[in-house]
Amino acid sequence: MSKTVGLAGAGSIAFGTAALLRKAGHDPMLWSPSGKGTAELATGAALNAVGAVEVTLTPRVADSAAMLARDNDVLIIALPGYGHKAVLDALAPHIEPRHQVIISSHASLGAVYLMQLLAARGVRVPITAWGTTICTGRRQSGTEVRVNTVRSRVDLCTVPQDRSEEALNLCQTLFGDRFQPRDGLLAISLSNLNPQNHMGIALGNITRMEQGETWSQGQNVTPKVGRLLEELDRERLEIAKALGLEVKTIFEHFHLSFHVPVASISEMNQQMHAQGNGGVGPATADSRYVTEDVPYGLVLTAALGRLTGHPAKLHEAGIQIFSAMYGRDFEAENEILKALDLGRFDLDDLKQAAQTGLLRQPASA
């Protein structure tokens, strides 16, 4: 059965996801909060997807958050983490009990933030958090996207937990049988490998990014960069183990996302490069690899490391190094954790919120 799906975002992932939805027979609508990302599509121009998904579509375009919510039954947040809070603030007043919400990909407990906004209105909907995006790609223009890969497995969970089955059914209806349920939002947060991987890749290639070079990402995951990615993964897995959570390894991530045999991380990336889906690295230092993934990915992992007694020293160092390089305090830039005032809560509070979507109010509040 065809679904109406509203996508908040108009970048590579939103365009690629819209193409996937249309390919599966659904009816996507795009909303660019600034309006710039959909300016050409709003005139009736077609969106052309090439690469792993080949389709031409004319998506519906929303001019506001209210329109996106009004005209769709499913809402997908499909923009970088640093845009989540503003979009969630804009959508929350218009979300109704008939909606289902998907966050692609989930960043820094955004599902908890949205659930609390809705609870204040007395609205309860299933909010599904994905550990990563359904596809990767690069927006070529205002009307074209190159989809590099469509993932064969995406981790997900739903809050509140008792809505998990219907949410899984919805995701399968929209995108097929490619979802792996995980045990709550902390597992999903730790399932997103992009921040740690992008940290290692950006550190190893920052001069290429800064000088605007065109470079193969897979090819430049050299043996030393690959070993850094493996060590970062060890820290993440230690935290997950301390929380009693099962998450995929970095080896499973590259195997399932990019369809290469399991080997060392450098070897797997070289294979991706050889088969043409190794991707192109950022051609600017102003890249979401740093400006999104450091504040909205590494910061939460580092916080969980401290709370579990398994400090993520490499993650912590990455936050400090990038903050020094960019002259910014990336830890302070996470608007969602700041709004949640996470420091008021202990690990048991977070474990409960990971299942319910709601943080208890401290006795002192």
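Trainee: What makes strand E1 (residues 4-8) and strand E6 (residues 74-77) a pair?

Mentor: Two strands pair if DSSP finds at least two bridges between them. Four bridges join E1 to E6, running parallel, so they count as paired. Leu7, for one, has Ile76 in E6 as its bridge partner. Strands here are DSSP runs of E with at least two residues, and helices are runs of H or I with at least four, both numbered from the N terminus. Mind that this is a predicted model: local features need pLDDT of at least 70, side-chain atom pairs 80 or more, while totals for chains, interfaces and linings use all residues. Residues are numbered from 1 along each chain as its sequence is written, and side-chain values use heavy atoms, without hydrogens and water.

Trainee: Why are E5 (60-61) and E12 (179-181) called edge strands?

Mentor: The open sheet of eight strands runs E5-E2-E1-E6-E7-E8-E11-E12, with mixed pairing. E5 and E12 each pair on one side only, which means they are its edges.

Trainee: What makes the space lined by Ser189 and His315, among others, a cavity?

Mentor: On a 1 Å grid over the protein atoms alone, a cavity is a set of points where a 1.4 Å probe fits but cannot get out; lining residues have an atom within 4 Å of a point. The structure holds one cavity of 30 Å³ or more, with a volume of about 50 Å³, taken as the space filled by probe spheres set on the points, which are joined across faces, edges and corners.

Trainee: Which helix gives the largest share of that lining?

Mentor: H12 (293-308), with three residues.

Key
1 Å grid on protein atoms, 1.4 Å probe; cavity = no way out; pocket = protein on both sides within 12 Å on 5 of 7 lines; lining within 4 Å.
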